Amino acid sequence: MSRAPVLSVEGLSTTFETPQGVLTAVRDVSLTLNRGEILGLVGESGSGKTVTGFSIMRLIDEPGRVAGGRVMFDGQDLLSISEEQMRQLRGARIAMIFQDPMMTLNPVLSVGRQMCEVLETHKGMKTADARSIARDQLGLVGIPSPDERLNAYPHQLSGGMRQRVAIAIALLCDPDLIIADEPTTALDVTIQGQILFEIQKLVERSGTALIWITHDLSVVASIADTIAVMYAGRIVERGLTDDVIQNPGHPYTAGLIRSVPGRVAPGDDLMPIPGSAPGLAMIPEGCAFRPRCDRALQACAAPVDEQSFSNRRALACIRPLI
């Protein structure tokens, strides 16, 4: 299988016009994702993870806009192609699993009709064949009695069931790239594990590239090949998963890891990161993590460039832990 990058994000920046002025939600983000690779995009709420995913998919609505950069997908810049070309890619070669399944599901169409439309539109299948594949896909994501669920409407399903349907739809066409925005947060642990297993099988079988957006480091540690850690709209650390988890280089990454309950000895207190992430209108100059960092120096108030290390490791910190 070719290891040429299926996705290369270069200097991506996304802004929003507000009464407070133009606010930058994503600033100068660069990522590379190979075929068959799972990237975990990690950070606190408000760090820019979801906006990054929406920017790649060209789903940013006014007053937001992608203000700069390139998103190269299999050799073409997604930011420069027409909306019709982008529409043809979505669902067929690029899919997104949203945190809210109703961003995927149409409330006035049955589950079966929605799933069949995807296969009929993008694969040219006949309805009978599409319905058979749709039924099998529902079974793979843990939905009982899939024949009955095909006839159901979204409002007749529980929230967890709707999310599993949305995931099944994203997987239907074996896309080249999937962006998953915390899709298993509302699911119980058993179903979450089943879905993660099916997605990993898809990645292995078809070479699909996957960006898994989450705040849950335990999930990322179990499925991701590489990690990119975001803070205040920037990627502050990226590298191979084992390297980053076992030996974090950025103080923010280390703080996230110390906050995970499973990594604290029984009886010991959790060690949360002091303070809170800044709002977009109050991001400090230089390193945005500086006010919360116990290693900060006066020099951290100046712009911080990313430093590259071995094994695809990079850090935006002048006083890293490695």
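The exercises below work through helices, aromatic rings, pockets and cavities in one structure, each with its solution.

This is a predicted model, in which local features need pLDDT of at least 70 and side-chain atom pairs count only at pLDDT 80 or more, while totals for chains, interfaces and linings use all residues. Residues are numbered from 1 along each chain as its sequence is written, and side-chain values use heavy atoms, with hydrogens and water left out.

**Exercise 1.** Find the element that holds Arg 87, and decide whether Arg 87 is buried, exposed or partly exposed.

*Solution.* Begin with the elements, which are DSSP runs numbered from the N terminus (helices are H or I with at least four residues, strands are E with at least two). Arg 87 lies in helix H2, residues 83-89. Next, apply the classes of relative accessible area, where buried means under 20%, exposed means over 50%, and partly exposed is in between, with a 1.4 Å probe and protein chains only. The relative accessible area of Arg 87 is 44%, so Arg 87 is partly exposed.

**Exercise 2.** Classify the ring pair of Phe 54 and Phe 98, and describe where the two residues sit.

*Solution.* First recall the rule: rings of Phe, Tyr and Trp (its six-membered ring) pair if their centres lie within 6.5 Å, and planes under 30 degrees apart count as stacked, over 60 as edge-to-face and the rest as tilted. There are four aromatic pairs in the structure. In the pair of Phe 54 and Phe 98 the ring centres are 5.7 Å apart and the planes are at 75°, so the pair is edge-to-face. The pair links distant parts of the chain, 44 residues apart, with Phe 54 in helix H1 (49-56) and Phe 98 in the loop between strand E6 (94-97) and helix H3 (111-123). Finally, both Phe 54 and Phe 98 are buried.

**Exercise 3.** Compare the span of helix H6 with the expected span, and work out how many of its residues are buried.

*Solution.* The expected span of a helix is 1.5 Å times one less than its number of residues. Helix H6 (residues 159-171) has 13 residues and reaches 19 Å from its first C-alpha to its last, which is close to the 18 Å expected. As for burial, eleven of the 13 residues of H6 are buried, and the helix is mostly covered. Among the buried residues are Met 161, Arg 164 and Leu 171.

**Exercise 4.** Describe the largest pocket and the second largest cavity by volume and lining.

*Solution.* On a 1 Å grid over the protein atoms alone, a cavity is a set of points where a 1.4 Å probe fits but cannot get out, whereas a pocket is an open set with protein on both sides within 12 Å along at least five of seven lines, and lining residues have an atom within 4 Å of a point. Grid points are joined across faces, edges and corners, and a volume is the space filled by probe spheres set on the points. The largest pocket has a volume of about 640 Å³. Of the 21 residues that line this pocket, the closest to its centre are Arg 90, Gly 91, Thr 104, Val 118 and Ile 169. Helix H3 gives the most to that lining, with five residues. The second largest cavity has a volume of about 30 Å³, and H10 gives the most to its lining, with three residues.
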